[in-house]
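Please explain how the ligands sit in this structure, and lead me through the residues around them step by step.

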Amino acid sequence: MSEGGAELTLQGVGVSPGVATGPAFLLTRRDLRFVERQLDPEEIPREIVRFEEALIATRSQLREIQRKVERALDRESAGIFDAHLLVVDDRAVVEEVLRGVQSRRVNVEVVLQEVAERYADALAQMDDDYLRERAADVRDVARRVLLNLAGQPVSELGGVAEPCVVVAGDLSPSDTATMPRDRVLGFATDLGSPTSHTAIMARALEIPAVVGLHDASLRISTGDRVLVDGHTGRVIVRPSPATLERYGALARARETARARLEGLRDQPARTLDGYEVVVAANIELPQDVDAVLRHGAQGVGLFRSEFLYLSRPHMPDEMEQARAYEEVARRLAPAPVIIRTLDLGGDKFASSVKMPQEVNPYLGWRAIRFCLARPEIFRVQLRAILRASVHRNVRIMYPMISNVDEVERAAAHLAQVRAELEAEGVPFDPDIEAGIMVEVPSAALIAPQLARRVAFFSIGTNDLIQYTLAVDRVNEQVTYLYEPTHPAILRLLRQTIEAARGAGIWTGLCGEMGAQPALAPLLIGLGVDELSVSPNMVPLVKAVIRSVRLSECERLASEALRCENAAEVLAMCRRLTEARAPHIVTLLG
Ligand code: PEP
Ligand code: MG
């Protein structure tokens, strides 16, 4: 329901950059209700034909979606729809529906709805994550078949006639994939996170998007004018002329500033006094390499390999993984590519991997803990990474290390896998380096012991902040406590970097903290050698670095270490960036 005519600002999470303005199109899930109709015996064959035709139509629509996704993204993402196709072809379901129509002599819609609900409910009760997720597939497919039986448009988004901003409770990957790109200007959803499929697809399709708005779909009505700012995560409902004017001016300034940054693509991230750091990119899937190249990142500082495992019924095998890693390595060579081994658990679950439900998944069976307990999975991945290392630019990184023992056990697996490949005559880079993520406070505190055993550190501030400050990184209630510039975090960063320097190894930082351009001078002053950020943030971070001197960054860092609270540090960082790189502040809006 709309709330009068006043301007309203909603804050969510920007997951795909850009600004879109237009009338809202509220995507509501229509409740499908069918009246039970008794059939004469001679009507039954016709009813069965109707059902078979609806199944055929559904199958071909799903194939078409799959083709679109494959064209827009890749084969793995399109694989999400394999599970849907399996439901259409599930003879047990189809035959039960046919039997129901024949024995009860009622219209097929009624029987299908009951059978699908029963199957979905049974699946939803299962222990197995993979089977539980299939409940949603059964419901989704049944809905499609029912809409086809009713002769109604299957994709509500397909009915979008004019350019609009789609507002929804949530969007499924099939909604996003079938969006008419020329008519969907942007989207805003109540649910979702930056790592949801929908967000990944929005970025790939370059549609500005904001998720995690809680109740936007209740506050916005179809036809309301809305502005979606994918940079800041703001959605402005019924923007006033003054707001539109401000955004118009901002958009023009952003365009000019972005155009200036284009020129930085081949420039180093070097301070005014000649100190050079590396600005690399974080990627989730091989096709993200396009953006890495477009934005001039100096390699990949974090390849979140677990995304290859998500949303698919089977785990990728050694050769499939090797192909994915090799493609990234080849396209970026000689720039380095750091492949992080599987970081499942926490908020990332793969349907193909059975994991128990945990009360505290972030403190549970996650990342390296899972891999060391499941060596048959871990070693396949290590073999694949080694196979992809032939271009000599691949590095391995272990996530969530919390003690020395884990590093040693991971290294032992790597040594055994190397020996296997050598014996099999499979080529790989003999000098491949292995490093660790420092994202658990215990790792930062024993950094000198860990530094002796690895080739590099990469600080994962997303988790380091959550574990150090005891703030769940995905819980909106405690977001106000999630402070990257908290003095405790600065101390942990400092001592991690000092330990690395003492052992002669380098330190990167690949959490979101590094993607805040205003914090780049502080991080460089603290001694970080590499910042790895999402590809579209690379030019901004580089530009800030190129506008400051190392000497002032070091001064900033030592003053920051004397501060007693996070806000003070943040204000100091902002003052310096505003003074040295005002064009970047414009871009951040
Ligand atoms: C981190 O924790 O900072 C990190 C980069 O890893 P992820 O966000 O994938 O947990
Ligand atoms: Mg992490």
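A polar contact, in the sense used here, is a pair of N or O atoms within 3.5 Å. The model is a predicted one, and the distances that follow should be read with that in mind.

With that cut-off in hand, we can begin at ligand 1, where a polar side-chain atom of Glu 439 lies 2.9 Å from an oxygen atom of the ligand. Backbone atoms take part as well: a polar backbone atom of Asn 462 is 2.7 Å from an oxygen atom of ligand 1, and a polar backbone atom of Gly 460 is 3.4 Å from an oxygen atom of ligand 1. On its own, ligand 1 has 290 Å² of accessible area, and the protein covers 99% of it. The elements that give two or more residues to the shell around this ligand are β11, which spans 300-304, and α18, and of the elements it is α18 that gives the most, with 3 residues.

The shell as a whole can be described by class, since the residues around ligand 1 comprise 8 charged, 4 polar and 3 nonpolar ones. Of the 15 residues around the ligand, those that come nearest are Arg 304, Arg 340, Gly 460, Asn 462 and Arg 473.

Glu 439 leads us on to the second ligand, the magnesium ion, which is coordinated by Glu 439 through OE and by Asp 463 through OD, at 2.0 to 2.1 Å. Glu 439 lies in the loop between β14 (433-438) and α16 (441-445), whereas Asp 463 belongs to helix α18 (residues 461-469), so the pair ties together parts that are 24 residues apart in sequence. Both of these residues are buried, for which the limit is a relative accessible area under 20%: Glu 439 has a value of 1%, and Asp 463 has a value of 2%.

Arg 304, named above among the residues that come nearest to ligand 1, leads in turn to Glu 284, whose side chain makes a polar contact with the side chain of Arg 304 at 3.1 Å. Glu 284 is placed in the loop between β10 (276-283) and α11 (289-294), and with a relative accessible area of 12% it also counts as buried. Leaving aside residues up to four places away in sequence, Glu 284 touches Arg 203, Phe 303, Arg 304 and Phe 307.

Key:
Residues numbered from 1 in each chain as written. Chains lettered and ligands numbered in written order. Predicted model: local features only at pLDDT ≥ 70, side-chain atom pairs only at ≥ 80, totals over all residues. Heavy atoms only, no water. Helix = DSSP H or I, 4+ residues; strand = E, 2+ residues; numbered from the N terminus. Buried < 20%, exposed > 50% of the residue type's maximum accessible area, 1.4 Å probe, protein only. Polar contact = N/O pair within 3.5 Å; in protein donor to acceptor, adjacent residues only side chain to side chain. Contact = heavy atoms within 4.5 Å. Donors = N, O, S within 2.8 Å, 3.2 Å for Na, K, Ca; no water. Near = heavy atom within 4 Å. Areas by Shrake-Rupley, 256 points an atom, 1.4 Å probe, with all protein chains shown as cover. Nonpolar A, V, L, I, M, F, W, Y, C, P; charged D, E, K, R; others polar.
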